[in-house]
Structures are given as structure tokens and as C-alpha cells.
Amino acid sequence: IPERDGSGDLLSHQPQRPTSVRSCLLKNALFISNLFFTVMGLVVLGMGLWGLITKESFAQERIGHIGTDPMLVFVFLGLTLCLLCLMGCVGSLRENSCLLRLFSGAVLILVAAQVLVAIAAYSLQDQIVPVLRSGMLMAMVRYQDDLDMRFITDEIQMNLQCCGADNYRDWEMNLYYNCSAPGVQACGVPASCCIDPLENGTVWNSQCGVGAQQLVEFSAQSVIYLGGCLGGIARWIEQNKQLIGIVGIALLGVQILTLIVTTRLLDNIQWSKAISSQRDVES
């Protein structure tokens, strides 16, 4: 039964409306987190565009095959992340419940997917190295025939300062670098295996790895990298595993915090709308 005051008016037991300060803090927190992930999305997008430009994928003779370029994955991920963050920013600033629900749902899916990937990677960690080895060997076999494989292989070898999957002699399985091949590349390795692939520090020397497989390791070590890329990847992970763990947990934590802030902001918006509607009815 509704209670009445001395004058006979109804006493409305309304919960207090969320303060504007709290709503402002929630909006700013959501905006900052979205800004952070927008920067990440732009970085991923930039990586994809850099790969496309470096491989000259926009050239007239290659533009017809751009649809199968793996760099488009980075472009798509970057654009998706930026669009998602834009949705969160607009939803928070305009207090749009529909956009905020879509945003929170997408973030929830991303968090769940990352947790599942982490669990799968931990469970299948013994199979990761064989999968990487088979992928690297396949890329080496198709090195001359697939521009994407060549680009990825060269970037891995130059950045990790390695050559081949296990060692530089793995390149013998390539049709053109095999010692029985008729061309000038026989018994050689790609220039990305060379310690100094630039002639005079400026010109790319594509012949610096010619005949490298015929050299004994003592002589070859002054010309090319002897170690395989699988070892380089393992060493990089071992050296940076703490940093990888911290960054991964931090990113996941920020996403979970973003999800919590979005939920609280949605509650505030719904609460404010409910109070406004009740006041309109009473008036």
C-alpha cells in the first residue's frame, strides 16, 4: 500500500539517481580503454598495409590476386578492432544502450575466444614445434613460387637472424636451392639468410648466399646464419616468456575491466531512464 505524507501526497520510494560524477567516470574509463584498443587496431592495420605495400600487392599485375593475400587478415583484424572501439566510444558518449550491448557482447566473445586459445595452446604445447616445423618447411619448398611464402620466410629469417627450419642445409629441399639444380642458385640459400645482405650497406645483394651449402660450418658462419628459425623462435619465447605472460594477462585484464565498466554504465543508463519515466508519469 503506498504511504502518504501529511498533506495526502504519495511518498515515492525512489532509489537515488546515479550521480553524474559516477557516470562521467564510467564514460571516461570506457573511452580511455577504447582509445587504447583503437591504437592497437591501427598498429595491426598498419602492419597489414605495410605488408601489402612491401610486396607491391597493389601493382597492376598483382592486384587481381590481392583477395588471397594473407596480409588482408591483419587489415581485417585492424579494421574490425577499430570499428568495435568506435562503437564503444559512440555508445558511451551518446549513452546508446543498443551500441553498448553490441559492444559488450563483442568484447565478451573476444575474451572467451582468447581464454579458449590460451587453454588450447597450453594443452597442445608439445605439438606446437612440429606444426611450426612443417609450416616452415612448406614455406621453404614454395619459396620461389609463392610471393606470400617468400615474404613471410624472409621476414622471419631476417628478424630472428636464422636460416632454415633447423639449420641452413634445410634449403636443399627447395627445388631451386638443391645442389642438383641446374641454376646459379644451386647449393645456395636466400639472401635473407646472409649476415650482411646489403652490398656497400645500401644495395640488396641477392647473390650473397650462392654456394653457401657447400661451405663447411666454420667458413659459412662468416657469411650466413647457421641456426634454424625454430631454435630462434624457441630462444625468443624463452627470453621473453615473462613479458609475454605479463602483456597477455594485462590485455585480458583490460578487456574484462572494459566489460565490467560497460555493464555498470548500462545499468546507470537504464536506471536513469527508469527514474525519468517514473517522474514523467507522476507529473
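1. Let me start with the nonpolar patch, to which helices H1 (20-54) and H2 each supply at least two residues. Its members are Val 39, Val 43, Met 47, Val 73, Phe 74, Phe 76 and Leu 77, and together they offer about 640 Å² of accessible area on the surface. H2 provides the largest share, 4 residues. Please keep in mind that this is a predicted model.

2. Phe 74 is a handy residue to click on in that patch. This phenylalanine lies in helix H2 and is partly exposed, with a relative accessible area of 31%. The cut-off for patch membership is over 30% relative accessible area, so Phe 74, at 31%, passes it.

3. H2 itself runs over residues 71-93, and its 23 residues reach 33 Å from the first C-alpha to the last, close to the 33 Å expected at 1.5 Å a residue. The helix also has a buried set, including Met 71, Val 75, Gly 78, Leu 81 and Leu 84. Cys 82, Cys 85 and Cys 89 are buried too, as are Gly 88 and Gly 91. Just after H2, Glu 95 adopts a positive phi of about 55 degrees.

4. What does Ser 92 touch, leaving aside its neighbours within four places in sequence? The contacts are Lys 27, Leu 30, Leu 100 and Leu 265. Ser 92 sits in helix H2 and is buried, with a relative accessible area of 0%.

5. A word on the annotation: an unreviewed UniProt entry lists residues 29-50, 71-93, 99-124 and 243-266 as "transmembrane region". In the model, residues 99-124 are 96% helix and 0% strand, with end C-alpha atoms 37 Å apart. For residues 243-266 the figures are 100% helix and 0% strand, and there the end C-alpha atoms are 34 Å apart. The listed range 71-93 has the residue limits given for H2.

6. Now the charged pairs. Side chains of opposite charge can pair when their charged atoms come close. The structure holds 4 salt bridges, and one of them joins Asp 166 to Arg 133, with the closest N and O atoms 3.0 Å apart. This pair links distant parts of the chain, 33 residues apart: Asp 166 is in the loop between helix H5 (147-160) and strand E1 (198-199), while Arg 133 is in helix H4 (residues 125-141). Asp 166 counts as partly exposed at 38% relative accessibility, and Arg 133 is partly exposed at 29%.

7. Two further salt bridges are worth a look. Arg 142 and Asp 146 meet at 2.7 Å, N to O; Arg 142 is partly exposed at 35%, whereas Asp 146 counts as buried at 16%. Glu 238 pairs with Lys 241, the closest N and O atoms being 3.2 Å apart. Because these two are 3 residues apart in helix H7 (residues 229-282), about one helical turn separates them. Lys 241 is partly exposed, with a relative accessible area of 47%.

8. Finally, the chain as a whole. There are 7 helices and 2 strands, and along the sequence they follow the pattern α-α-α-α-α-β-β-α-α. Buried residues make up 32% of the 283 residues. Of the contacts between residues at least 6 apart in sequence, 67% join residues at least 24 apart. The accessible surface comes to about 17700 Å², and 65% of it belongs to carbon and sulfur atoms.

Terms used: Residues numbered from 1 in each chain as written. Predicted model: local features only at pLDDT ≥ 70, side-chain atom pairs only at ≥ 80, totals over all residues. Heavy atoms only, no water. Expected span 1.5 Å × (residues − 1). Buried < 20%, exposed > 50% of the residue type's maximum accessible area, 1.4 Å probe, protein only. Patch = residues over 30% accessible without salt bridge, like charges linked within 9 Å, V, L, I, M, F, W, Y side chains within 5 Å. Areas by Shrake-Rupley, 256 points an atom, 1.4 Å probe, with all protein chains shown as cover. Salt bridge = Lys/Arg side-chain N within 4 Å of Asp/Glu carboxyl O. Contact = heavy atoms within 4.5 Å. UniProt positions renumbered as here; feature names shortened; annotations may be inferred.
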